[in-house]
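User: I am new to this structure and would like a close look at one part of it, followed outward into the rest. Please take me through that part slowly and then show me how it sits within the whole.

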Amino acid sequence: MKALVTGASSGIGRDIARALVCRGWDVILVARRVDRLMELKKELGKHASCVRCDVSRVDECIKLHEVLQKEDIEMLVNCAGFGLCGFFTETSLDKELEMIDTNIKAVHVLTKLFLQDFMLKNKGYILNVASIAGFFSGPLMATYYATKNYVVSMTGAIYEELKRRGSSVQISAFCPGPVDTEFNKIAHVKFSSAPIDSKTAATLALDGLMAGKLYIIPTVKMKCLKFVKRLLPDKTITHFCYSFQKKKR
């Protein structure tokens, strides 16, 4: 069994790769930082190989799929992504466009291409790493929340399509709250509530995928947040999201 993991150079992606190897999978590690990939490959030994790819570029995503078609990939983990905090009028447009390319376009392209392969074999797993943010609007992180909304929505739609077609292919969205990774440093925010560690996140994500869950939401607190959204008006929820994000700045 062989899995492709994007964003494997750090955080959840790195720990998902480790967890997969422990479960008997071979992994293809994908990221831009070759030095980080080589460190992880050395740790995982013969069960890992590396491919440098900038998934924010559509042409590189397409090329990645072409190169790996002969590898008989059975799992795709879309984990590459990042965030940015600040008022929408003040954050960098270039960074936001790069975020859209990474968090949305890469997930879209790789999911479509590998799903087509999996459908032909009638087997395979796709894990799209989203966020609890994918169920909300996020003042001060407007673009990031919007990108995760896209991933959550697209994954849900594909899940239903697969079900309707009687396919054995499984797709899930992992939607955690705070996870102790490099994310906050890159996004220029700090935790406003206790995070889970990335090793725990990786385990929960894979367990949920194998269990056939559509949305994998760790911790009772995050499950409650999603439930509360159904009870309160959208404007009220967005007000609370602003207060939550403001504490992280």
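Which residues is Ala 48 in contact with, leaving aside its neighbours within four places in sequence?

Analyst: Leaving aside its neighbours within four places in sequence, Ala 48 is in contact with Val 27, Leu 29 and Lys 41. This comes from a predicted model, and every value given here is to be read in that light. Ala 48 belongs to strand 3, which covers residues 48-52, and because its relative accessible area is 7%, under the 20% that marks a buried residue, Ala 48 counts as buried. Met 38 stands 10 residues away from Ala 48 in sequence, and the C-alpha atoms of the two are 9.6 Å apart in space.

One of the residues that Ala 48 touches, Val 27, leads on to the interior of the protein. The largest nonpolar core has 46 residues, and within that core Leu 4 and Val 55 have the most contacts. Two or more residues of this core come from each of strand 2 (26-31), helix 3 (58-68), helix 4 (93-121), helix 5 (142-164), strand 6 (170-174) and helix 9 (234-248), with helix 4 giving the most, namely nine residues. Val 27 itself is included, together with Val 77, Leu 209 and Ile 216, in a second, separate core of 31 residues.

Val 55 deserves a look of its own. Not counting residues up to four places away in sequence, Val 55 touches Thr 6, Val 30, Cys 61, Ala 80, Asp 101, Thr 102, Ala 106 and Leu 110. Thr 102, one of these partners, is found in helix 4, and because its relative accessible area is 7%, Thr 102 is buried under the 20% limit. With residues up to four places away in sequence again not counted, Thr 102 touches Val 55, Ser 56, Ala 80, Gly 81, Phe 82 and Val 107, so that Ala 80 appears among the contacts of Val 55 and of Thr 102.

Two loop residues deserve a mention for their backbone angles. Most residues other than glycine have a negative phi. Asn 122, by contrast, has a phi near 55 degrees, a positive value in a residue other than glycine, and its place is in the loop between helix 4 and strand 5 (125-129). Asn 122 is partly exposed, with a relative accessible area of 37%. Thr 219 likewise has a positive phi, near 75 degrees, and is found in the loop between strand 9 (215-216) and helix 8 (220-229); with a relative accessible area of 34%, Thr 219 is partly exposed.

Stepping back to the whole, the protein contains nine helices and nine strands, and buried residues make up 50% of its 249 residues. Its radius of gyration is 17 Å, which agrees with the value near 18 Å that a compact globule of 249 residues would have, and its C-alpha atoms fill a box of roughly 50 × 40 × 30 Å along the principal axes. Of the contacts between residues at least 6 apart in sequence, 65% join residues at least 24 apart. On the outside, the protein exposes about 12,300 Å², of which carbon and sulfur atoms supply 55%. The protein also has 37 positive and 25 negative side chains, and the centres of these two sets lie 6 Å apart.

Note on methods
Residues numbered from 1 in each chain as written. Predicted model: local features only at pLDDT ≥ 70, side-chain atom pairs only at ≥ 80, totals over all residues. Heavy atoms only, no water. Helix = DSSP H or I, 4+ residues; strand = E, 2+ residues; numbered from the N terminus. Rg over C-alpha atoms; globule rule 2.2 N^0.38 Å. Buried < 20%, exposed > 50% of the residue type's maximum accessible area, 1.4 Å probe, protein only. Contact = heavy atoms within 4.5 Å. Areas by Shrake-Rupley, 256 points an atom, 1.4 Å probe, with all protein chains shown as cover. Lys, Arg positive; Asp, Glu negative; His and termini not counted. Charge placed at Lys NZ, Arg CZ, Asp CG, Glu CD. Core = buried A, V, L, I, M, F, W, Y, C linked by side-chain atoms within 4.5 Å.
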